[in-house]
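Q: Please take a close look at one part, the surroundings of the ligand. Then work outward in one connected account.

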Amino acid sequence: MKPLDVLIVGAGFAGLYMLHRMKLAGRSAQIVDESGGVGGVWYKNRYPGARCDVESLQYSYSFDNDLQQEWRWTERYASRAEILSYIEHVVERFGLRDGIRLNTSVEAADFDFKTKRWLVRTTTGEGFSAQFLVLATGSLTMPNVPDITGLDSFAGKVLHTAQWPQEPIDFTGKKVAVVGTGSTGIQVISEVAKYAADLTVFQRTANYALPMRNQPLTPEMDREWKANYLERRSRARELPTGVFGDFNDVSALSVTDDERRQEYERRWALGGFQIMMAYNDFLTNQKANDTIAEFVRSKIRARVHDPETARKLLPNEFPIGTKRVCLEDSYYDAFNRPNVHLVALKEEPIVEIFPNGIRTSQKFVEVDTFIFATGFDAITGSVAKVNIRGALAENLSQHWKGGPRSLFGLGVSGFPNLFLVSGPGSPIGRSNAVTSIEQNVGFIADIISFAGDHGYSTVEPSSEAQDRWVENLAELAHRTLYMKAKSWWNGSNIEGKARVFMIYAGGVPSYLAACNEEKDSGFPNYIFG
Ligand code: NA7
C-alpha cells in the first residue's frame, strides 16, 4: 500500500486546489479520479451546449492573483471547453500532473484504528494508506436515470447528459426526445433544436429561466474587472451567494409596483442572476417572490408564439429561486421552431417506450435518440457507491440514509481524518462553487496543519457540535421557502431519498463567519487524538 499524508478523491476544482495546498504545505498527497481526464463535472458533462451559469471572471480560482490576472476568458459565461482548458492550464501551471491518477475509482476506504490511517482500495488494484482522506467528489456526480417502462427495449441511442460519449454526435436529421428541463435540459434543448429533424421535449415541471445574455468578453470588460479583481472577490464574500453583483438589501415590498417593475426591467436587460439580487426577500417572503415570478412569466408569454405552448412553459409550481434558476439565450425561441414540440408530462404522461419511439397518454412519438437530462442523486450520491467505514457500525452512505449529517459540510463525527469539500451542510449549490471550494479547502488545510503542529494524529467533529450544526441547518431552511420546491437541494428529486435541505441556507457571509470563528478559537468543536 502506498503511504501518503493525504489521499484526495476527485480531480475537479476542489481536488486540484486541495492537492496544490497540500503540496505547498510539504505533504505527500495524491489525487485519484475515476474519469479519463481532469475537470470533474466539467469533464463528464460533455453534452452540446454545456456552459457555466456563473460568469467566467467569477467562476475561477482567486487564490493566485497572477493566475486571475493572466488568464483571459473569451466569453461572459464560459463554455465547458474553455473551463477545461483553464483547468488544464492550472494543472500545468502549478505542477499538479504527477499527483493525479486518472481512471482510478475508490472501492472501499476503512479507517484502521491501530495505525490511525485510512486504508483505501481502488479499482486498479492499487492501495493507499493515508493519514487523511479528502472526498472532493462533487455534488453532481451520480446521474439519475428514470425507470421508464420499455426503455430497455428501445433500439436507438440512449444518452444521459452526464455520461456523454467522447465522440461528437451529429443530430442532423434525427428524431430526438429530451427528458428533463433543468439547467442541463435547457442548454441541451437550445442546441439540439438547431439540428434535429424533430425534437420532442418531455417536461415534468416548468422551470424559471432568465436571459443569460452571453457575449464575447471585450478587452475593456476584461480590463475593468481585472483592475478591481481583489475588491470584487472580497465584496462577493459579503453577499449571500458569494457572487459579486449589485445586491439591493431591501424588501421587494418596500417600493411601489412601478418602481419594482422598472427595476426588474433594468436588471432583465443586464442578464444573468442580476435580477435575483434586486431585493433581499425573494427566498423568505412568498409575496415578494410572487412579484418577480410573475414578471418572469410575463417575459415567457411574450417570447413563445403559440399560446398553448407558452402556457405549458409557465413555471408556477414553486417559488422562483427555491431550486436553481436557469439561464438561457435561445431556449424559449426553440419552441417557436416548427421542429420542436413540448409534452407537459403532468397533463400527458408517458405510458411506455417502444423500440422506435414513445407512447404518451395522447400520442405515439417516433424517436431515434433519447437524451436524459434528468439530473443527479446529488450531494450524497457521490459517496453512495464507495464503502467508507469509520468508527460506526454502518458505512457513510448508510449513516446518511435518514439525511446527511456533518459539521460545516466538511467532516463527519465517527469518521476520523475524513474531510469532504463542499459536502452536505455547506453552501454548495447556493453559492459560487469555486469560491466555496477555495474556502472549504483552506479550512481543511488549516485543520490538518493545526493537528500536525499540536502532535495529534486524529481529528473529527464532536457529535454534539455536529448535532447543533444539523439542527441549525434545518432551522435556517425552514425560515425560507426552499422546501416548497422539489429539487436536488432537498433530495426530493430522487424517489425514496430523505427530504432534507442539504445546503447551508444562511448565506455565504454567516457560513464564513462560523468557519472563521472555529479556526480562530482553535477548533473547539473538533476532537483531536
Ligand atoms: P436538475 O436541475 O435536477 O433537473 C432535472 C430535470 O429532469 C428536471 O426538469 C426534472 O423534472 C427532470 N426529471 C427528473 N426525473 C424525471 C422523470 N422521471 N421524468 C421526467 N422528468 C424528470 O438537473 P440538471 O442536470 O438540469 O441541473 C443540475 C445542476 O447543474 C443545476 O442545478 C446547476 O447547478 C448546474 P422536475 O423538475 O423534477 O419535475
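A: Start with Lys-323: an N or O atom in its side chain is 2.8 Å from an oxygen atom of the ligand. The model is predicted, so local features need pLDDT of at least 70 and side-chain atom pairs 80 or more, while totals for chains, interfaces and linings use all residues. Numbering starts from 1 along each chain as its sequence is written, and side-chain values use heavy atoms, without hydrogens or water.

Trp-488 also reaches the ligand. One of its polar side-chain atoms lies 2.8 Å from a ligand oxygen. Ser-183 contributes from its backbone instead: an N or O atom there lies 3.1 Å from an oxygen atom of the ligand. Each of these is a polar contact (a pair of N or O atoms within 3.5 Å). Taken alone, the ligand exposes 780 Å², and the protein buries 84% of that (Shrake-Rupley, 1.4 Å probe).

Who makes up the shell? It holds 19 residues, and among them Thr-184, Arg-204, Thr-205, Lys-323 and Trp-488 come nearest (near: a heavy atom within 4 Å). By class, 7 are nonpolar, 9 polar and 3 charged. Asp, Glu, Lys and Arg count as charged; Ala, Val, Leu, Ile, Met, Phe, Trp, Tyr, Cys and Pro as nonpolar; the others, Gly included, as polar.

Now the sheet. Three strands form an open sheet in the order S13-S14-S15, with antiparallel pairing. Strands here are DSSP E runs of at least two residues, helices H or I runs of at least four. A pair needs at least two bridges. S13 (350-354) and S15 (364-366) stand at the edges; each has a single partner strand, so one side of each lacks a neighbour in the sheet.

Take the S13 side. S13 and S14 pair in the antiparallel sense over 4 bridges. They form a hairpin, with 2 residues between them. Ile-350 stands opposite Thr-360 of S14.

On the other side, 3 bridges join S14 (residues 357-360) to S15, again antiparallel. There Ile-358 faces Val-365 of S15.

A sequence-distant pair comes next. Ile-148 and Val-351 are 203 residues apart in sequence, yet 8.4 Å apart in space, C-alpha to C-alpha. Ile-148 sits in the loop between strand S6 (127-135) and strand S7 (157-160). Its relative accessibility is 14%, so Ile-148 counts as buried (buried: under 20% relative accessible area).

More loop residues follow. Ser-426 lies between strand S18 (418-420) and helix H14 (433-453), in the connecting loop. At 0% relative accessibility, Ser-426 is buried. Its side chain reaches the backbone oxygen of Gly-423 at 2.8 Å.

Phe-408 occupies the loop between helix H13 (396-399) and S18. It counts as buried because its relative accessibility is 4%. Its backbone stands out too. Phe-408 has a positive phi of about 60° although it is not a glycine.

Asn-103 shares this trait: its phi is positive, about 50°, and it is not a glycine. Asn-103 is found in the loop between strand S3 (100-101) and strand S4 (106-112). Most residues other than glycine have a negative phi.

Key
A polar contact is a pair of N or O atoms within 3.5 Å; within protein, one must be able to donate a hydrogen and the other to accept it, and residues adjacent in sequence count only if both atoms are side-chain atoms. Buried means under 20% relative accessible area, exposed over 50%, partly exposed in between (1.4 Å probe, protein chains only).
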